[in-house]
Amino acid sequence: MKRNWIFIAVLCFIPYNLITSASDANKKIVEIEKEVEEKVADEFKKIVTLTTYSTTVGETDDSPNITASGFEIDEDNPKKHRIIAVSRDLKRRLRFGEKVVLSNAGRFNGVWYVRDLMNSRFKNKIDVLINQNERHTKLHKVIIKRLD
């Protein structure tokens, strides 16, 4: 019982600002952790040029149904895989199989998978795989962002 009174007496002498500064420090730590998480999530976000391609020998190499990553494309409906090919400068930041989100891309908005690579002459560009009977898209500026 005597120990409890000593404990209470000691607590009475601790300045209130020390107690509140500890909780403020915890709040600050939580804020910093959220900022770090947002920066990691936005690790890769870039404006790129979007075009389209299909699985024809004229637009690909001699094995149009196999991507640079080795992924086999369904010949009847290649679009269902939601594949994009990236220029080699973007490939340094994006790995094969990685999910990305396209925005400001009209009908191509949404989640896509990096599974193919473009010719080395292209820079800051992505190609969206479409079916052979679809109309190709002209150059568009879109936002590509890594999806975690």
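This short presentation describes the strands, the nonpolar cores and two loop residues of one predicted model.

Good morning. I shall begin with the overall arrangement. Six strands form a closed barrel in the order β1-β5-β2-β4-β3-β6, and their pairing is mixed. From one strand to the next, the twist averages 45°.

Let us now consider some individual pairs. β1 and β6 are antiparallel and are joined by six bridges. Within β6, K141 stands opposite T49. β3 also pairs with β6 in the antiparallel sense, here over four bridges. On its other pairing, β3 runs antiparallel to β4, again with four bridges. Two partners are worth locating on the screen: V100 is bridged to W112 in β4, and L102 is bridged to I144 in β6.

Next, please look along β3 itself. Which of its side chains are buried? Those of V100 and L102, which point to one face. K99, V101 and S103 point to the other face and are not buried.

This brings us to the interior. In soluble globular proteins, nonpolar side chains tend to be buried together. In this model, the largest nonpolar core has 18 residues, and the members that touch the most others are L50, I84, L102, I126 and I144. Two or more residues of this core come from each of β1, β2, β3, β4, β5 and β6. A separate core of six residues lies apart from it, and includes Y53, I73, A85 and L129.

L102 deserves a closer look. Beyond its neighbours within four places in sequence, L102 is in contact with residues including L50, W112, I126, V128 and I144. Its contacts also include F108, N109, G110 and I143.

Finally, I turn to the backbone of two loop residues. Most residues other than glycine have a negative phi. Two residues here depart from that pattern. R82, in the loop between β1 and β2, is not a glycine, yet its phi is positive, at about 55°. N104 is likewise not a glycine and has a positive phi of about 65°. N104 belongs to the hairpin of β3 and β4, where six residues lie between the strands.

Are these two residues buried or exposed? R82 has a relative accessible area of 29%, so it counts as partly exposed. N104 reaches 57% relative accessibility and is therefore classed as exposed, because the cut-off for that class is over 50%.

To close, I would ask you to keep one residue in mind: L102, buried on one face of β3 and among those that touch the most other members of the largest core. Thank you.

Key. Residues are numbered from 1 along each chain as its sequence is written. This is a predicted model: local features need pLDDT of at least 70, side-chain atom pairs count only at pLDDT 80 or more; totals for chains, interfaces and linings use all residues. Side-chain values use heavy atoms; hydrogens and water are left out. A nonpolar core is a set of buried Ala, Val, Leu, Ile, Met, Phe, Trp, Tyr and Cys residues joined through side-chain atoms within 4.5 Å. Buried means under 20% relative accessible area, exposed over 50%, partly exposed in between (1.4 Å probe, protein chains only). Contact means heavy atoms within 4.5 Å. Two strands pair if DSSP finds at least two bridges between them. Axes are lines fitted to C-alpha atoms, for helices over the stretch in contact, and angles run from 0 to 180 degrees between N-to-C directions.
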